Amino acid sequence: MSTSSETNQLDELFAALSHSKRRNIVQLLALHPATVKQLADGHGLSLPAIHKHIRLLESSGLIVRKKVGRTNFVALRRAGLKQVQDWALQFRTDWGNDAETLENYIASLGT
């Protein structure tokens, strides 16, 4: 069972990943770090718009940001994605195909 803190962290992670632009940013950063400007240009977003996405991803723990001079660099924080992966993998032992899982449940009811 998850603690309240773990549940809140997962809520933030899933909220951050709920937007396609942010998922695309995570995918890009999985390949290599980038500047905020590169991310904005690559997604056709203004700097203020990309900064909103970056702040949300950063506050969720999915990315880290470092300012060097006037340039903001961002990189993926893999530990954040591992939390999402760990949450999903807890169900792996129960995975089967959907029909099999439903059939097993119905059979367990004795109907």
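Trp87 is partly exposed, with a relative accessible area of 36%, where partly exposed denotes the range between buried (under 20% relative accessible area) and exposed (over 50%), evaluated with a 1.4 Å probe and protein chains only. The structure is a predicted model, in which local features need pLDDT of at least 70 and side-chain atom pairs count only at pLDDT 80 or more, whereas totals for chains, interfaces and linings use all residues. Residues are numbered from 1 along each chain as its sequence is written, and side-chain values use heavy atoms, with hydrogens and water left out.

The count of aromatic pairs comes to one, under the criterion that rings of Phe, Tyr and Trp (its six-membered ring) pair if their centres lie within 6.5 Å, with planes under 30 degrees apart taken as stacked, over 60 as edge-to-face and the rest as tilted. This pair is formed by Phe14 and Trp87 in an edge-to-face arrangement, with 5.3 Å from centre to centre and 75° between the planes. Distant parts of the chain are linked by the pair, since Phe14 lies in helix H1 (residues 4-17) and Trp87 in helix H5 (residues 78-89), 73 residues apart; helices (H or I, at least four residues) and strands (E, at least two) are DSSP runs, numbered from the N terminus. Phe14, like its partner, falls in the partly exposed class, with a relative accessible area of 35%. An open sheet is formed by three strands in the order S1-S3-S2, with antiparallel pairing, where two strands pair if DSSP finds at least two bridges between them. Strand S1 (34-35) and strand S2 (63-68) are the edge strands, each of which pairs on one side only. Two bridges join S1 to strand S3 (residues 71-76) in the antiparallel sense, and Thr35 stands opposite Phe73 in S3. Between S2 and S3, the antiparallel pairing extends over six bridges, and Arg65 stands opposite Val74 in S3. In the hairpin of S2 and S3, two residues lie between the strands, and Gly69 takes a positive phi near 65°.

The two faces of S3 are distinguished by their cover: Asn72, Val74 and Leu76 make up the covered face, whereas Thr71, Phe73 and Ala75 make up the uncovered one. Within this strand, Val74 is buried, with a relative accessible area of 1%. Contacts (heavy atoms within 4.5 Å) are made by Val74 with Leu29, Pro33, Ala34, Val36, Leu39, Ile54, Ile63, Val64 and Arg65, residues up to four places away in sequence not being counted. The C-alpha atoms of Val74 and Pro33 are separated by 5.7 Å, although these residues are 41 apart along the chain. Asn72, also placed in strand S3, is buried with a relative accessible area of 17%, and with residues up to four places away in sequence again left out, Asn72 touches Ala34, Thr35, Val36, His51, Arg65, Lys66 and Lys67.

On the surface, Leu102, Tyr105, Ile106 and Leu109 form a nonpolar patch, with about 390 Å² of accessible area together. Such patches are made of residues with over 30% relative accessible area and no salt bridge, like charges being joined within 9 Å and nonpolar side chains (Val, Leu, Ile, Met, Phe, Trp, Tyr) within 5 Å; a salt bridge is a side-chain nitrogen of Lys or Arg within 4 Å of a carboxyl oxygen of Asp or Glu. Leu109 has its place in helix H6 (residues 98-109) and counts as exposed, at 51% relative accessibility.

Notes
Accessible areas come from the Shrake-Rupley method with a 1.4 Å probe; for residues, only the protein chains shown count as cover.
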